[in-house]
Amino acid sequence: MPDAAAEPGTAAARGAAEEESAFSHPAVDPDSTAVYGDHPDQVIDFYAPHGGGGPGGAAPVVVVLHGGSWRAPYDRRHVSPFAGFLAHRGLAVASVEYRRGTEGVGQGGEADVAGEGPVAGRWPDTFDDVAAALDALPALVRQYLPGADARRVVLAGHSAGGHLALWAAARHLLPADAPWRTDRPAPLRGVVALAPIADFGVADKLDVCGGAARQFLGGAELFAERRPYADPALLLPTGIATTLVQGRDDVDVPQAVAEAYADAAAKAGEVVGVTLLEDVGHYPLIDPAADACAVVAEEIAQLAW
C-alpha cells in the first residue's frame, strides 16, 4: 500500500483521499477470537451476524483475508470495519490473520534489497498460515459461530488478501510436492476477490505495491521457481465460482492485473466474473462509507446465500 503523492485532482491524489477515508473508521472489535497455531499472528476474529440481509436460517460464513502487500504494518484491524459491515448485513465473518513480512526481513530471512521498509510476505509462513487457518475453520466456526452454516463459505480478500483468497481456492491445483496441496477442491460457495494481486507476472511488470510479488517470492533469483506454487493465474481452472471486483481508477493494483487473471481463466476453460466500478480506486471496496462497499457486499451475498 504505497503512499500516493500527487497534485490535487489527479488519480493518485484521489486514491490518497480514498485511502484516508477507508482508514478513518475506528476498528471494530470481534465477538470472539480463536487461535489456529502457536504464533501470535495465527488467530481468527469472528463476527456474529447482526440484523437482516439474508433469506433467513443459519448465516453463511465469509472468510475475510486482509490486504497490505503481505507486509507487517498492515494487519486485520484495518479491515475490521469491513468485517463489521458484512456482519451487520446478516453474514457471519471470520477475519484471518497471518504472518507477513517483518521490518527489513522477509521470506526465509532475506533482507529487503533496499535495506529499508517492511518486506512483502514470508515464505513459506504466509502460505502455511492461510492453509492452516482454512483447514481449522470448520471446527472453529462450529465452536465460535454456532448460529452460522459452516457448509456455506465464501472467501473474500482485498488486494494481497485477494491473492490469498484465489490461492486458497486453488490448493488442489498446486504442484504435487507443495505442502499446502489438497486432494480435492475446497467446499466453497465461491470467491470474491477485491482488486486482487491475481497475476504475479503482470503485477511484477507493473511494479505493483513496490514489487511486492517478486519480494514475496524471494527476489529475482527465486521468482520463476516459486511462482507455480504461489500465482493464482497459474492455478486454473479451479471449478469454484469466482468474481473479481475492481475499481477502474485503482492506481495501487491496476485493472490490468485482474483482467490478466480473467483472461488466464478463460484460456483454461473457466468463466470468472469481473465487476468493474467506475470512478473507484483501491480502497472504497473495503470502506463502509463508500458505495462500492455495498456493491461488494451484494456480490458476496449472491454467492453466500
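**Exercise 1. Which residue in S6 does Val 154 stand opposite?**

Before we start: this is a predicted model, where local features need pLDDT of at least 70, side-chain atom pairs count only at pLDDT 80 or more, and totals for chains, interfaces and linings use all residues. Residues are numbered from 1 along each chain as its sequence is written, and side-chain values use heavy atoms, leaving out hydrogens and water.

Step 1. Find the strands, which are DSSP E runs of at least two residues, numbered from the N terminus (helices are H or I runs of at least four). S5 covers 148–158 and S6 covers residues 190–194.

Step 2. Check the pairing, which takes at least two DSSP bridges between two strands. S5 and S6 have five, in the parallel sense.

Step 3. Read off the partner: Val 154 stands opposite Gly 190.

**Exercise 2. Work out how S5 pairs with S3, and how enclosed S5 is.**

Step 1. Look at S3 (residues 59–65): this strand and S5 are parallel, with seven bridges. One pair to spot is Val 64 with Ala 156 of S5.

Step 2. Now look at burial (buried is under 20% relative accessible area, exposed over 50%, partly exposed in between, with a 1.4 Å probe and protein chains only). S5 is largely enclosed by the rest of the structure, because nine of its 11 residues are buried.

**Exercise 3. Place Asp 125 and find its side-chain contact with Arg 99.**

Step 1. Asp 125 sits in helix H3, residues 125–144.

Step 2. Its relative accessibility is 15%, so Asp 125 counts as buried.

Definitions and conventions: A polar contact is a pair of N or O atoms within 3.5 Å; within protein, one must be able to donate a hydrogen and the other to accept it, and residues adjacent in sequence count only if both atoms are side-chain atoms.
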